[in-house]
Amino acid sequence: IDNLYHTIQQRKNDDPKKSYTAKLLQGKENSMLKKIVEEAGEFTFAIKDGDTDESVYECADLIYHCLVALASKNISPDRIKQELARRFGLSGIEEKNSRTD
């Protein structure tokens, strides 16, 4: 994840005709974000269908597109890791309730 994120960051200013990552980062934000929704849907249906190989493939796509979005805002995956660590040991119900108070 960290290596992929750093590669995405390095490609921000590459030629969008030669780099899909650069095309996403230099294009319209809505287009970049729609890819997350698209990949999440494909991942969801692969899981529902019980297709292990497709689930892995689509999850990889989803993670890539999420990392592109994070890179577009210079949000390090370390922040996500810290948030997950913060939640560790809390029940999901407890964690959700802590956000609505």
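How far is the sulfur of Cys59 from the closest cysteine sulfur, and in which residue does that sulfur lie? The closest one belongs to Cys66, and the distance is 9.0 Å, too far for a bond. This is a predicted model, and that distance is computed from its atoms.

**The chain as a whole**

The chain has 101 residues, and 24% of them are buried. Its secondary structure is six helices and zero strands. Read from the N terminus, the order is α-α-α-α-α-α. The C-alpha trace spans about 45 × 35 × 25 Å along its principal axes.

Contacts tell how the chain folds back on itself. Take those between residues at least 6 apart in sequence: 54% of them join residues at least 24 apart.

The surface comes next. About 7,400 Å² of the chain is exposed, with carbon and sulfur atoms supplying 55% of that area. The chain carries 16 positive and 18 negative charges. The mean positions of these two sets lie 8 Å apart.

**Helix H4**

Helix H4 covers residues 52-72, which makes 21 residues. From first C-alpha to last, H4 reaches 30 Å, close to the 30 Å expected at 1.5 Å a residue.

Which residues of H4 are buried? They are Ser55, Glu58, Leu62, Tyr64, His65, Leu67, Val68, Ala69, Leu70 and Ala71. The buried residues of H4 pack against four partners, listed here by their residue ranges.

| Helix packed against by buried residues of H4 | Residues |
|---|---|
| H1 | 2-10 |
| H2 | 20-26 |
| H3 | 29-48 |
| H5 | 77-87 |

**The cysteines**

A disulfide is a covalent bond between the sulfur atoms of two cysteines. The structure holds zero disulfides. Cys66 is in none, since the nearest cysteine sulfur, that of Cys59, is 9.0 Å away. A disulfide needs the two sulfur atoms within 2.5 Å. Because the sulfur of Cys59 is 9.0 Å from that of Cys66, the pair is too far apart for a bond.

Are these cysteines buried or exposed? Cys59 counts as partly exposed because its relative accessibility is 25%. Cys66 has 30% relative accessibility, so Cys66 also counts as partly exposed. A residue must be under 20% to count as buried and over 50% to count as exposed.

Cys66 sits in helix H4. Along the chain, Cys66 and Lys35 are 31 residues apart. In space, their C-alpha atoms are separated by 8.9 Å.

Key: Residues numbered from 1 in each chain as written. Predicted model: local features only at pLDDT ≥ 70, side-chain atom pairs only at ≥ 80, totals over all residues. Heavy atoms only, no water. Helix = DSSP H or I, 4+ residues; strand = E, 2+ residues; numbered from the N terminus. Buried < 20%, exposed > 50% of the residue type's maximum accessible area, 1.4 Å probe, protein only. Contact = heavy atoms within 4.5 Å. Areas by Shrake-Rupley, 256 points an atom, 1.4 Å probe, with all protein chains shown as cover. Lys, Arg positive; Asp, Glu negative; His and termini not counted. Charge placed at Lys NZ, Arg CZ, Asp CG, Glu CD. Expected span 1.5 Å × (residues − 1).
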